[in-house]
Amino acid sequence: MSVIITGLREVETALSGAPAVLDVKVKQAVTVTARKVRDSARQRVSGYAHLPAYPYSITYDVTESAAGAEAEIGPDKDRTQGPLGNLIEYGSRKNAPIPHMGPALEENADDLEKGVETAVTQALGLA
(Lines give C-alpha, C1' and ligand atoms only; values in the text may rest on other atoms or scores of the structure.)
Protein backbone atom coordinates (compact mmCIF):
# COMPACT_ATOMS: atom_id res chain seq x y z
CA MET A 1 0.00 0.00 0.00
CA SER A 2 1.29 3.47 -0.81
CA VAL A 3 -0.06 6.89 -0.19
CA ILE A 4 0.55 9.90 -2.35
CA ILE A 5 0.04 13.28 -0.73
CA THR A 6 -0.20 16.28 -3.00
CA GLY A 7 -0.22 19.91 -1.97
CA LEU A 8 1.75 19.43 1.23
CA ARG A 9 4.45 21.91 0.17
CA GLU A 10 1.81 24.57 -0.35
CA VAL A 11 0.38 23.91 3.12
CA GLU A 12 3.87 24.09 4.67
CA THR A 13 4.53 27.37 2.87
CA ALA A 14 1.21 28.85 4.00
CA LEU A 15 1.79 27.78 7.59
CA SER A 16 5.37 29.05 7.70
CA GLY A 17 4.19 32.57 6.84
CA ALA A 18 1.14 32.43 9.11
CA PRO A 19 2.68 34.00 12.24
CA ALA A 20 3.81 37.16 10.42
CA VAL A 21 0.50 37.54 8.61
CA LEU A 22 -1.40 36.86 11.83
CA ASP A 23 0.49 39.63 13.66
CA VAL A 24 -0.41 42.17 10.98
CA LYS A 25 -4.04 41.07 10.69
CA VAL A 26 -4.66 40.97 14.45
CA LYS A 27 -3.20 44.46 14.81
CA GLN A 28 -5.58 45.61 12.06
CA ALA A 29 -8.53 44.02 13.85
CA VAL A 30 -7.59 45.64 17.17
CA THR A 31 -7.05 49.02 15.50
CA VAL A 32 -10.41 48.96 13.70
CA THR A 33 -12.26 47.96 16.86
CA ALA A 34 -10.44 50.58 18.95
CA ARG A 35 -11.47 53.26 16.45
CA LYS A 36 -15.09 52.07 16.57
CA VAL A 37 -15.10 52.10 20.38
CA ARG A 38 -13.61 55.61 20.41
CA ASP A 39 -16.15 56.89 17.89
CA SER A 40 -19.07 55.29 19.74
CA ALA A 41 -17.94 56.71 23.09
CA ARG A 42 -17.52 60.16 21.56
CA GLN A 43 -21.01 60.00 20.09
CA ARG A 44 -22.53 58.85 23.39
CA VAL A 45 -21.10 61.80 25.31
CA SER A 46 -21.53 64.49 22.65
CA GLY A 47 -24.06 67.29 22.92
CA TYR A 48 -23.61 68.17 26.60
CA ALA A 49 -23.21 71.94 26.90
CA HIS A 50 -20.89 71.60 29.90
CA LEU A 51 -18.64 69.07 28.09
CA PRO A 52 -17.86 70.66 24.73
CA ALA A 53 -14.26 69.41 24.51
CA TYR A 54 -14.57 66.12 26.37
CA PRO A 55 -15.57 63.89 23.42
CA TYR A 56 -12.42 64.98 21.58
CA SER A 57 -10.26 63.95 24.51
CA ILE A 58 -11.21 60.31 23.89
CA THR A 59 -8.40 58.67 21.93
CA TYR A 60 -6.87 55.26 21.41
CA ASP A 61 -3.34 53.83 21.14
CA VAL A 62 -2.51 50.41 19.74
CA THR A 63 0.71 48.71 20.81
CA GLU A 64 2.28 45.40 19.93
CA SER A 65 4.24 43.05 22.13
CA ALA A 66 5.23 39.40 22.16
CA ALA A 67 1.78 38.70 23.63
CA GLY A 68 -0.01 40.37 20.69
CA ALA A 69 -1.74 43.66 19.93
CA GLU A 70 -3.35 45.75 22.66
CA ALA A 71 -5.45 48.90 22.55
CA GLU A 72 -5.82 51.55 25.23
CA ILE A 73 -8.98 53.56 24.67
CA GLY A 74 -10.24 56.45 26.75
CA PRO A 75 -9.93 60.11 27.63
CA ASP A 76 -6.43 61.54 27.34
CA LYS A 77 -5.79 63.42 30.57
CA ASP A 78 -3.49 65.84 28.72
CA ARG A 79 -6.35 67.07 26.52
CA THR A 80 -9.00 69.61 27.46
CA GLN A 81 -11.57 68.06 29.82
CA GLY A 82 -9.79 64.67 29.55
CA PRO A 83 -9.21 64.44 33.32
CA LEU A 84 -12.99 64.38 33.80
CA GLY A 85 -13.28 60.87 32.34
CA ASN A 86 -13.91 58.89 35.53
CA LEU A 87 -16.27 61.54 36.88
CA ILE A 88 -18.30 61.52 33.67
CA GLU A 89 -18.40 57.73 33.29
CA TYR A 90 -19.20 56.90 36.92
CA GLY A 91 -20.65 60.14 38.30
CA SER A 92 -20.34 61.48 41.84
CA ARG A 93 -22.61 62.50 44.67
CA LYS A 94 -23.48 65.67 42.78
CA ASN A 95 -23.26 64.45 39.17
CA ALA A 96 -25.17 61.64 37.53
CA PRO A 97 -23.04 59.22 35.52
CA ILE A 98 -22.96 59.36 31.73
CA PRO A 99 -21.89 55.83 30.79
CA HIS A 100 -20.09 55.99 27.47
CA MET A 101 -16.83 54.02 27.56
CA GLY A 102 -18.27 50.79 28.98
CA PRO A 103 -21.27 50.69 26.64
CA ALA A 104 -19.08 51.54 23.64
CA LEU A 105 -16.76 48.65 24.48
CA GLU A 106 -19.67 46.23 24.95
CA GLU A 107 -21.20 47.38 21.66
CA ASN A 108 -18.02 46.49 19.76
CA ALA A 109 -16.87 43.31 21.51
CA ASP A 110 -18.34 41.06 18.82
CA ASP A 111 -16.57 43.12 16.15
CA LEU A 112 -13.20 42.37 17.73
CA GLU A 113 -14.02 38.67 17.95
CA LYS A 114 -14.98 38.58 14.27
CA GLY A 115 -11.87 40.56 13.34
CA VAL A 116 -9.56 38.14 15.11
CA GLU A 117 -11.39 35.18 13.57
CA THR A 118 -10.92 36.72 10.12
CA ALA A 119 -7.24 37.37 10.90
CA VAL A 120 -6.67 33.72 11.76
CA THR A 121 -8.54 32.55 8.67
CA GLN A 122 -6.50 34.85 6.43
CA ALA A 123 -3.20 33.97 8.10
CA LEU A 124 -3.83 30.28 7.46
CA GLY A 125 -4.73 31.01 3.85
CA LEU A 126 -8.30 29.80 4.26
CA ALA A 127 -9.85 32.97 2.89
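How much space lies in the largest pocket? About 210 Å³. Keep in mind as you look around that this is a predicted model.

**The pocket**

The largest pocket is lined by 13 residues, and those closest to its centre are Glu-72, Ile-73, Gly-74, Pro-75 and Met-101. Three elements each give at least two residues to that lining: strand E1 (58–65), strand E2 (68–75) and helix H3 (85–90). As for the chemistry of the lining, you'll find five nonpolar residues, four polar ones and four charged ones.

**The overall layout**

Now step back to the chain as a whole. It's built from four helices and two strands, and if you walk along the sequence they come in the order α-α-β-β-α-α. There are 127 residues in the chain, and 27% of them count as buried. On the outside, the chain exposes about 8,800 Å², with carbon and sulfur atoms supplying 55% of that area.

How do the parts of the chain touch one another? Take the contacts between residues at least 6 apart in sequence: 60% of these join residues at least 24 apart.

**Salt bridges**

Side chains of opposite charge can pair when their charged atoms come close. In this model the count comes to four salt bridges, and the table shows some of them.

| Acidic residue | Basic residue | Closest N to O distance |
|---|---|---|
| Glu-64 | Lys-27 | 3.5 Å |
| Asp-111 | Lys-36 | 3.1 Å |
| Asp-39 | Arg-38 | 2.8 Å |

Start with Glu-64 and Lys-27, which form a salt bridge. This pair links distant parts of the chain, as Glu-64 sits in strand E1 and Lys-27 in helix H1 (residues 8–44), 37 residues apart. Lys-27 is partly exposed, at 32% relative accessible area.

Next come Asp-111 and Lys-36, whose side chains meet in a salt bridge. Asp-111 belongs to helix H4 (residues 101–123) and Lys-36 to helix H1, so this pair ties together parts that are 75 residues apart in sequence. Both ends have some exposure: Asp-111 counts as partly exposed at 24% relative accessibility, and Lys-36 is partly exposed too, with 37%.

The salt bridge between Asp-39 and Arg-38 has its closest N and O atoms 2.8 Å apart. Is each partner buried or partly exposed? Asp-39 is partly exposed, with a relative accessible area of 36%. Arg-38 has 18% relative accessibility, so it counts as buried, the cut-off for buried being under 20%.

Key. Residues numbered from 1 in each chain as written. Predicted model: local features only at pLDDT ≥ 70, side-chain atom pairs only at ≥ 80, totals over all residues. Heavy atoms only, no water. 1 Å grid on protein atoms, 1.4 Å probe; cavity = no way out; pocket = protein on both sides within 12 Å on 5 of 7 lines; lining within 4 Å. Points joined across faces, edges and corners; volume = space filled by probe spheres on them. Nonpolar A, V, L, I, M, F, W, Y, C, P; charged D, E, K, R; others polar. Buried < 20%, exposed > 50% of the residue type's maximum accessible area, 1.4 Å probe, protein only. Contact = heavy atoms within 4.5 Å. Areas by Shrake-Rupley, 256 points an atom, 1.4 Å probe, with all protein chains shown as cover.
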